[in-house]
Amino acid sequence: MTSIDSPLDKTTAVPRPRSSGDHEGHLLEVRDLHVEFHTRDGVAKAVNGVNYSVDAGETLAVLGESGSGKSVTAQAVMGILDMPPGRIPQGQIFFRGQDMLTMSAEERRKIRGRKIAMIFQDALSSLNPVLSVGYQLGEMFRVHQGLSKKDAKAKAIELMDRVKIPAAKARVGDYPHQFSGGMRQRIMIAMALALEPDLIIADEPTTALDVTVQAQVMDLLAELQREYNMGLILITHDLGVVADVADKIAVMYAGRIVETAPVHELYKRPAHPYARGLLDSIPRLDQKGQELYAIKGLPPNLLKIPAGCAFNPRCPKADDICRTEIPALAPVTEQDGTELPGRGSACHFWKETIHG
């Protein structure tokens, strides 16, 4: 199992069982991806040289605040960016070794849904309110597999059972508003699973759900991933959601990946001040009654990203070099120089951060 960023592809994260038919190479690999939006006020540089990969049976968590470029990167992978105003001036997106950015629109449609599926964060707005959930689930089979309405309905009931919606046969004719938030999210997961894709991208799948339901949804995703040996990209701003699910983490800020690590290594020893700030912002039971830590300031305006390291206006370790020179994502090592597997940090002072 390989690391997140291509310069660090010497190491492995936590392995999971693979099917005997696994192909050689990455399931998905994003290389030097840039995405920008042309607006009346100027060019917003939403993604600025992102590199990551994910394999079959592996979970990559992409973390960061709103506006960091997580969802835009996923939309570029799916081929659902609004273009214009969006534009991909540079980069490559390989799925099973084929660059999707050089494919025709028809070729990408054959991959989207069948091979790569996406779970959107707002299930209520993503589902059609005037069509039953059974009809919407069945549409996947009618359109892509040519099934009859009767057979498609039977498949829809199977899917609803698979994602543990109670009384699926009785509720297949219900409408989205008749389900709770957690049940609607299960329906979105069922739609993503319908054609048994190789890769699922889950964009904030637990947004607006209470903690108990969040855990149930994440457990369901993990169970289904193991069953189908799918790759999973989990996009979130919540470090607490991914602790028991992800194999590796990519932390994004202002359109760049600023830290990569196997999941438990990042929790133990972050190597970037931004990742450390995100971890320190998590409420802890042993700090009851204390003021909750918050990273000072706001994410940058993507029309005017600060010179040097984009995090420097908010960083407690920022120095003159941080305001002039963009740090590369470099391998992270122990104090004796031993390279840490799968770890990278885009910080001039990563040594002080991880070893300090």
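1. Glu 223 is partly exposed, with 27% relative accessible area. Its salt-bridge partner Lys 164, at 45%, is also partly exposed. In this predicted model, the closest N and O atoms of Glu 223 and Lys 164 are 3.0 Å apart. Glu 223 belongs to helix α8 (residues 211–228), whereas Lys 164 sits in the loop between α5 (149–162) and α6 (168–171), so the salt bridge ties together parts 59 residues apart in sequence.

2. A second salt bridge joins Asp 174 and Arg 171, with 2.9 Å between the closest N and O atoms. Asp 174 counts as buried because its relative accessibility is 18%, and the cut-off for buried is under 20%. Arg 171, at 22%, is partly exposed. Apart from this pair, Arg 162, Lys 164, Glu 223 and Glu 227 are joined into one network by salt bridges that share partners.

3. The count of salt bridges comes to 14. Among them is the pair Glu 36 and Arg 87, whose side chains meet at 2.7 Å, N to O. Glu 36 lies in strand β1 and Arg 87 in strand β4, so this contact links parts that are 51 residues apart in sequence. Glu 36 is buried, at 13% relative accessibility, while Arg 87 is partly exposed, at 40%.

4. Strands β1 and β4 belong to an open sheet of four strands, in the order β2-β1-β4-β5, with antiparallel pairing. Its edge strands are β2 (42–54) and β5 (98–99), each of which pairs on one side only. Between β4 (residues 86–95) and β5 the antiparallel pairing covers two bridges. Phe 94 stands opposite Asp 99 of β5.

5. Helix α1 (residues 70–78) lies across three strands, β1 (28–39), β2 and β4. The helix runs at about 110° to β1.

6. On confidence, the mean pLDDT of the protein chain is 87, and 92% of the residues reach 70 or more. Strand β10 (residues 256–262) has the highest confidence, at 97, and helix α3 (residues 123–126) the lowest, at a mean of 79. Residues 1–23 need a separate remark: their pLDDT is below 50, yet the stretch has 66 contacts in the model beyond near neighbours in sequence. Where pLDDT is low, predicted coordinates should not be read in detail.

Technical notes: Residues are numbered from 1 along each chain as its sequence is written. This is a predicted model: local features need pLDDT of at least 70, side-chain atom pairs count only at pLDDT 80 or more; totals for chains, interfaces and linings use all residues. Side-chain values use heavy atoms; hydrogens and water are left out. pLDDT is the predictor's confidence in each residue, from 0 to 100. Contact means heavy atoms within 4.5 Å. Two strands pair if DSSP finds at least two bridges between them. Axes are lines fitted to C-alpha atoms, for helices over the stretch in contact, and angles run from 0 to 180 degrees between N-to-C directions. A salt bridge is a side-chain nitrogen of Lys or Arg within 4 Å of a carboxyl oxygen of Asp or Glu. Buried means under 20% relative accessible area, exposed over 50%, partly exposed in between (1.4 Å probe, protein chains only).
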